[in-house]
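Open the model in your viewer and keep the selection tool ready. Each stop below tells you what to pick and what to look for.

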Amino acid sequence: MYLEIITPDQILYQGEISSITVPGKSGSFQILKNHAPIVSSLKSGTISVNGEFQENTMHEKINFINNTSFELKVLTGTIEMSNNKITLLSEL
């Protein structure tokens with residue numbers, strides 16, 4: 001699955017992932033490959049992303065955990081998933 005994390009002034013991440021967990025307005029939820037199309041509002045919290053990553057490719061605002069996960073704290077935002085492409089618009 002492909003993920004783009006976009007803030008009002010920059011793109012923080014673009015690349016392949018295996019899963020993402022986000023703080024939805026009605027509770028946290030996870031998106032995996034082939035998830036049904038969805039659009040949701042996000043509340044303040046932590047986004048957790050799993051996949052294969054290299055620390056030197058991470059934006060300074062992203063909390064690199066290890067080669068298989070990273071986290072990002074958000075204030076608010078929206079997420080859209082369609083055809084295995086996720087677009088996450090967020091304020092940090």
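The tour below goes stop by stop through a predicted model.

**Stop 1: the nonpolar core**

Select L3, Y13, I17, I20, I79, I86 and L88. They belong to the largest nonpolar core, which has 24 residues, and they touch the most other members. In soluble globular proteins, nonpolar side chains tend to be buried together.

Which strands supply at least two residues each? Colour β1 (2-6), β2 (11-16), β3 (19-24) and β4 (27-32). Then add β6 (45-50), β8 (69-74), β9 (76-82) and β10 (85-91). Each of these strands gives at least two residues to the core. Pause on β8: with three residues, β8 gives the most.

**Stop 2: the surroundings of I79**

Now select I79 alone. Ignore its neighbours within four places in sequence, and show what is left in contact. I20, V22, F29 and I31 appear. So do I38, V39, S40 and L42. I86, T87 and L88 complete the set.

**Stop 3: an aromatic cluster**

Go back to Y13 and show its ring. How many aromatic pairs does the model hold? The count comes to three. Start with Y13 and F53. Their ring centres are 5.9 Å apart and their planes stand at 80°; planes over 60 degrees apart count as edge-to-face, so this pair is edge-to-face. Y13 sits in strand β2, while F53 sits in the loop between β6 and β7. The two residues are 40 residues apart, and the pair links distant parts of the chain. Both Y13 and F53 are buried.

Keep Y13 and add F70. The ring centres of Y13 and F70 are 5.2 Å apart, with 55° between the planes, and this pair is tilted. F70 lies in strand β8, 57 residues from Y13. Here too, distant parts of the chain are linked. F70 is buried, as is Y13. Select Y13, F53 and F70 together: they form one aromatic cluster.

**Stop 4: the salt bridge**

Side chains of opposite charge can pair when their charged atoms come close. The model has one salt bridge by the rule used here. Select E4 and K85 to find a salt bridge, at 3.8 Å from N to O. E4 is in strand β1 and K85 is in strand β10, so the pair ties together parts that are 81 residues apart in sequence.

Is E4 buried or exposed? E4 is buried, with a relative accessible area of 14%. K85 is partly exposed, with a relative accessible area of 38%.

**Stop 5: S90**

Stay on strand β10 and select S90. Its relative accessibility is 4%, so S90 counts as buried. Show the polar contact: the side chain of S90 reaches the backbone oxygen of T76 at 3.2 Å. Leave out the neighbours within four places in sequence, and S90 is in contact with I6, T7, P8, V74, T76 and G77.

**Stop 6: E60**

Finish with E60. Where does E60 lie? Look in the loop between β6 and β7 (63-66). E60 has 73% relative accessibility, so E60 counts as exposed. Now draw a distance from E60 to V39, C-alpha to C-alpha. The two are 21 residues apart in sequence and 27 Å apart in space. You met V39 at the second stop, among the contacts of I79.

Key:
Residues are numbered from 1 along each chain as its sequence is written. This is a predicted model: local features need pLDDT of at least 70, side-chain atom pairs count only at pLDDT 80 or more; totals for chains, interfaces and linings use all residues. Side-chain values use heavy atoms; hydrogens and water are left out. A nonpolar core is a set of buried Ala, Val, Leu, Ile, Met, Phe, Trp, Tyr and Cys residues joined through side-chain atoms within 4.5 Å. Buried means under 20% relative accessible area, exposed over 50%, partly exposed in between (1.4 Å probe, protein chains only). Helices (H or I, at least four residues) and strands (E, at least two) are DSSP runs, numbered from the N terminus. Contact means heavy atoms within 4.5 Å. A polar contact is a pair of N or O atoms within 3.5 Å; within protein, one must be able to donate a hydrogen and the other to accept it, and residues adjacent in sequence count only if both atoms are side-chain atoms. Rings of Phe, Tyr and Trp (its six-membered ring) pair if their centres lie within 6.5 Å; planes under 30 degrees apart count as stacked, over 60 as edge-to-face and the rest as tilted. A salt bridge is a side-chain nitrogen of Lys or Arg within 4 Å of a carboxyl oxygen of Asp or Glu.
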